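Student: I would like to go through this model and ask what the terms rest on.

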Amino acid sequence: MADIQSRVNELHQLLNQYSYEYYVQDNPSVPDSEYDKLLHELIEIETNHPEYQTVDSPTVRVGGAAQSTFEKVNHDTPMLSLGNAFNEEDLRKFDQRVREQIGKVEYMCELKIDGLAVSLKYENGRFVQGLTRGDGITGEDITENLRTIHAIPLKINEPRTFEVRGEAYMPRKSFFDLNEAKAQNDEQPFANPRNAAAGSLRQLDSKLAAKRKLSVFLYSVNDFTQFNANTQSDALDELDELGFKTNQERERLQTIEEVLEYIEKWTEAREGLQYDIDGIVIKVNDLEQQDELGYTQKSPRWAIAYKFPAEEVITNLLDIELSIGRTGVVTPTAILEPVKVAGTTVSRASLHNEDLIHEKDIRIGDSVIIKKAGDIIPEVIKSVLDRRPQNAEVYHMPTHCPSCDHELVRIEGEVALRCINPKCQAQLVEGMIHFVSRQAMNIDGLGTKIIQQLYENHKIKDVADIFYLTKDDLLPLERMGEKKVDNLLNAIEKAKSNSLEHLLFGLGIRHLGVKASQVIAEKYGTMDTLFDVTEDSLIEIYDVGHKLAQSLVTYLENEDIRALINKLKEKNVNMTYKGIKISDLAGHPEFSNKTIVLTGKLYQMTRNEASKWLELHGAKVTNSVTKKTDLVIAGEDAGSKLMKAEQFGTEVWTEDDFVKKQNEIEG
Ligand SMILES: [Zn+2]
């Protein structure tokens, strides 16, 4: 047992170190797969020996059981918000007030992260509770969700008891990935990273929260008596040393002029950050001076938050057009009089759905306020009612598809309207754009405009037609020279040899994303095998759910789809998986097609290594002993599985037997 404990300790230490390197220092020392491997080893140990499970085990990063509600908890000291400054004048006043009271001052300037304020409690160096700000007095206990954030240390280097506060946020990349996945499932995207972060942290199912890839920056300590710090900047340095993630763009500045320069610099540079900021926080650096300045009823006198000007402008809503996605979802889009917002010209903005348009009472002809939410997606906030012209028109969604005139339907439980005509032009064109996209068939030079022209000229009616294109089809198109045509034809030719997963993903089958395409292609190998696949067989694959299994089987049964695949085959488009496939590797007669269970502690290799080795030699490694199990390899402390094996009379090997066999085989 002592051995299990020491391995558990070792795994905790390694996993915490890797999380720290990756998520705090942004400097990983091992590939992700190594982290995953160790994490799975730890999960397996904890599954077999629940007594080794602890609340600060790195396995909590994947989330735990769903909760029914969040408990409300009072903050030890209120989480105050800062006073705001909106312009230079406000800042100069703040500076004047500070200097009048304490004389010479040094400021600490920090980026104001656009996320959700959280407080984290550590007891004897262990993370024990995390709260939202709530109303500042009472927050919600979101400990389970916060534990899934890798940048939050579960344990720190010293056994201190204190509370640290900061901002949880969603990095832009996580945000884009999340919205892409949502689009894949026809779900409403999040408007901006802050909403996405808030939504994720208020998930009752921490397993879902874990998938959202949030991060955190810590910026203050509740009780400085546990710290050696004399200044805010010392405190942040100390947080760094303890293993917390703090924002590194902070600067100590001596004058208000320097503060204004810092603000100007970040107003420009904020676009280039990996996360959203909505302002700059200015604090008096010296802690004694902070005490001297004290607090007002609502906020500290020693700090102020400068807010970037709201990126909102007024423009006219000229019209509402419908755009039709590849899955037939019809989205109303605002056509705007072009206007500059946050540095870019905006002429279209999504209105999401009809319900929302009516809720906000937005009418065609209105003056509307536009905002670039999270500085990314333009959004119509509201109409300016006192500017509403008499002839402003209430908008109604059409009952029929503007592209193909097929009747639109509202699928139960969804707000979106959908065109369900499989031959709908707009959907087909969107589908082709998806087919040639990078993660699908990756055909360079075949952009939206070209596809549209080809479709309108009747040169392509389905994705297979792309492979039938000739020079004569392409040359007459706008802005297509000889050279461009040659490059495009080469790219098309090259795409024919793509491995199967690219084709699968490219077909745009509902619920089938990049990762599942990969896994399914590897497992079944060829398109022909896939034609015979059953839902039951698909569901056995980890990560393939009912919806996807059903969608894929239905799709492949369709006669039109079979014809499409044949049309692709005629042009020699590859229909096989070309990546490495574990089951293809020769295997060994001793193990091939055998079902093997590993149990107990192994000393000469990890269980993961043993399992990989067995799979490479053709075995199927499973978790539980049944009548069908051919062999059990039992390490030390093998428990119930070994008993079961004896009960069924299954062959049992020790680790030594196994190693001997490995040596024999490998010579
Ligand atoms: Zn249609």
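Tutor: Start with pairing: two strands pair if DSSP finds at least two bridges between them. Keep in mind that the model is predicted.

Student: What stands opposite Val597?

Tutor: Val632 in β23 stands opposite Val597.

Student: How do you know that β21 and β23 are paired strands?

Tutor: Pairing needs at least two bridges. Four bridges join β21 (residues 595-599) to β23 (residues 631-634), so these strands count as a pair, and they run parallel.

Student: What makes β22 and β24 edge strands?

Tutor: The open sheet has the order β22-β21-β23-β24, with parallel pairing. β22 (620-622) and β24 (651-654) each pair on one side only. Neighbouring strands of this sheet are turned by 30 degrees against each other on average, direction ignored.

Student: Which strands does helix α22 lie across?

Tutor: Helix α22 (residues 607-616) lies across β21, β22 and β23. Angles run from 0 to 180 degrees between N-to-C directions, so the value of about 170 degrees to β21 means that the helix runs almost opposite to that strand. Helix α23 (residues 640-648) also packs on the sheet, where α23 touches β21, β23 and β24. The direction of α23 makes about 140 degrees with that of β21.

Student: Why is one side of β2 and of β9 left without a neighbour in the sheet?

Tutor: The sheet in question is open, has five strands in the order β2-β11-β10-β3-β9, and shows mixed pairing. β2 (83-85) and β9 (251-253) stand at its edges with a single partner strand each, so one side of each has no neighbour there. The twist averages 35 degrees from one strand to the next.

Student: How do you know that β3 pairs with β9?

Tutor: Three bridges join them, and at least two are needed, so β3 and β9 pair; they run antiparallel. In β9, Leu253 is the bridge partner of Tyr107. Helix α9 (residues 256-269) packs on this sheet, touching β3, β9, β10 (277-284) and β11 (303-307).

Student: What makes a space a cavity rather than a pocket?

Tutor: In a cavity a 1.4 Å probe fits but cannot get out, whereas a pocket is open. The search finds three cavities of 30 Å³ or more, and the largest cavity holds about 70 Å³ of space. β3 (107-113) and β8 (215-221) are the elements that give two or more residues to its lining.

Student: How do the residues of that lining divide?

Tutor: The lining of the largest cavity has six nonpolar, two polar and two charged residues.

Technical notes:
Residues numbered from 1 in each chain as written. Predicted model: local features only at pLDDT ≥ 70, side-chain atom pairs only at ≥ 80, totals over all residues. Heavy atoms only, no water. 1 Å grid on protein atoms, 1.4 Å probe; cavity = no way out; pocket = protein on both sides within 12 Å on 5 of 7 lines; lining within 4 Å. Points joined across faces, edges and corners; volume = space filled by probe spheres on them. Nonpolar A, V, L, I, M, F, W, Y, C, P; charged D, E, K, R; others polar. Contact = heavy atoms within 4.5 Å.
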